[in-house]
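Student: I have this chain open and would like to go through it piece by piece. Can we start somewhere in the sheets?

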Amino acid sequence: MPYTLLAGEFVIRYPDLPRGGPQPDGDTVKFTPDSPALVDTLPRPSGGRPDINQRGISVRLEAIDALETHFEGAHQELAGANAARDELLRALGFTGVTFFPELPNTVESADQDRVRGHVLSNGIDANGRVIGFVEPGDAAEPDGAQVFLDEPRARRTVNAALLADGLVYAALYSTLPASLRAEFAQTARAARAAGAGLWRRATADPDGPAQIADRAALETLVLWPKLFRRLVPYLAEGADGFDGFDAWLRADPVNRDDQIVVAGRTEPARLHDVVIAAGDHVQLTAWPEDFVITPDPPG
């Protein structure tokens, strides 16, 4: 599958709006394309239009999922979340980055507010973000080129480096070519086997359940971020324990109970099929790299 090459600049701070600038995390960064019109040519599997303006558009890194630094007023284990964010920025070429003490997700200062880089993308997600593989500097190919992204080149992306270092989880969608899904799944398994990065602290997975008394306890844990993004609103509704979590997921098959394909199974599945939740315990029964997620359908 060809990917569109978008040349441009990654941006982490607006000099004219320092407290209202981008909030980069471990898998999302702001990008100003040299040719904004190219963004409009990208596929839209979920039907949404790109959320782009004169300051650019957010890029969501393909195939990975970083611990949340901020999500609906909550966060995951900050040591792991910030490690992924800081390494993403370093790998793109940013140095001397500091964050406002009272706004810990907003960049206060940096040696560079923006750096040259490029994105290889094959689509826009349901939130209007570019989904893609990111690399620092300018590519050998011209802006707008159609690039066949094979495994060796994918290994050179920042996405792959973050996964290999154990700083992020895998999140493999059906829009990612099968050969690259296999490549990134193997990278995730190798990082886990080596105990790299977050894997020394990971929980709520096939190795064992997480015990979660409340949201405060949840915020100290390392677990698959998509599961975290389901647990936060569930707890926010006042749930006392997780006996009702399965029914809560099933009640919204679009925004909660993602459609998935699990390795080794022929029948269709949903997120609830790989989650066990009861009492104060929650657990994934399959590793994230062992199932493929279908993007949200067009709204």
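Tutor: Yes, and keep in mind that this is a predicted model. Strand 14 pairs with strand 15 (residues 281–284) in the antiparallel sense, over 4 bridges.

Student: Which residue is the bridge partner of isoleucine 276 in strand 15?

Tutor: Glutamine 283 is the bridge partner of isoleucine 276.

Student: What order do the strands of that sheet have?

Tutor: The order is 11-15-14, in an open sheet of 3 strands with antiparallel pairing. Strand 11 and strand 14 (275–278) are the edge strands, each pairing on one side only.

Student: What about the open sheet with strands 12, 13 and 16, what is the order there?

Tutor: That open sheet of 3 strands runs 13-12-16, with antiparallel pairing. Its edge strands are strand 13 (269–270) and strand 16 (291–293), and each pairs on one side only.

Student: How many bridges join strand 12 to strand 13?

Tutor: 2 bridges join them, and strand 12 covers residues 259–262. Isoleucine 260 has alanine 269 in strand 13 as its bridge partner.

Student: And what comes after strand 16?

Tutor: Threonine 294 lies in the segment after strand 16. Its relative accessibility is 26%, and threonine 294 counts as partly exposed.

Student: Which residues is threonine 294 in contact with, leaving aside its neighbours within four places in sequence?

Tutor: Tyr173, Ser174 and Gln259. As for alanine 178, that residue is 116 residues apart from threonine 294 in sequence, and the C-alpha to C-alpha distance is 13 Å.

Student: Let's switch to the N-terminal strands. Is strand 2 enclosed or exposed, and why?

Tutor: Strand 2 (residues 28–33) is largely enclosed by the rest of the structure, because 6 of its 6 residues are buried.

Student: Which way do its residues point?

Tutor: Thr28, Lys30 and Thr32 point one way from strand 2, while Val29, Phe31 and Pro33 point the other way, and all are buried. The general background is that side chains in a regular strand alternate between the two faces of the sheet.

Student: So what does strand 2 pair with? How many bridges join strand 1 to strand 2?

Tutor: Strand 1 (residues 2–11) is joined to strand 2 by 4 bridges, and the two run antiparallel. Phenylalanine 10 stands opposite phenylalanine 31 in strand 2. Strand 2 also pairs with strand 3 (residues 57–61), again in the antiparallel sense and over 4 bridges. There, valine 29 has valine 59 in strand 3 as its bridge partner.

Student: Now helices. How many residues does helix 1 have, and how far does it reach?

Tutor: Helix 1 (residues 78–92) has 15 residues and reaches 21 Å from its first C-alpha to its last. That is close to the 21 Å expected at 1.5 Å a residue.

Student: Which of its residues are buried?

Tutor: In helix 1, the buried residues are Gly80, Ala81, Ala84, Arg85, Glu87, Leu88, Leu89 and Leu92. In general, an α-helix has 3.6 residues a turn, so residues three or four places apart point the same way.

Student: What follows helix 1?

Tutor: Glycine 93 does, with a positive phi near 115 degrees.

Student: Which residue has a positive phi although it is not a glycine?

Tutor: Glutamate 72 is one of them, with a phi of about 50 degrees. Glutamate 72 lies in the loop between strand 4 (64–65) and helix 1. Alanine 204 also has a positive phi, of about 55 degrees, and lies in the loop between helix 4 (178–193) and strand 11 (210–211).

Student: Is each one buried or exposed?

Tutor: Glutamate 72 is exposed, with a relative accessible area of 54%. Alanine 204 is buried, with a relative accessible area of 1%.

Student: Last topic, the whole chain. How many helices and strands are there?

Tutor: The protein chain has 7 helices and 16 strands. Its radius of gyration is 19 Å, close to the 19 Å the globule rule gives for 299 residues, so the chain is as compact as a globular protein of that length.

Student: And what share of the residues is buried?

Tutor: Buried residues make up 54% of the 299 residues. The protein chain exposes about 12,400 Å², with carbon and sulfur atoms supplying 51% of that area.

Conventions:
Residues numbered from 1 in each chain as written. Predicted model: local features only at pLDDT ≥ 70, side-chain atom pairs only at ≥ 80, totals over all residues. Heavy atoms only, no water. Expected span 1.5 Å × (residues − 1). Buried < 20%, exposed > 50% of the residue type's maximum accessible area, 1.4 Å probe, protein only. Pairing = 2+ DSSP bridges. Rg over C-alpha atoms; globule rule 2.2 N^0.38 Å. Areas by Shrake-Rupley, 256 points an atom, 1.4 Å probe, with all protein chains shown as cover. Contact = heavy atoms within 4.5 Å.
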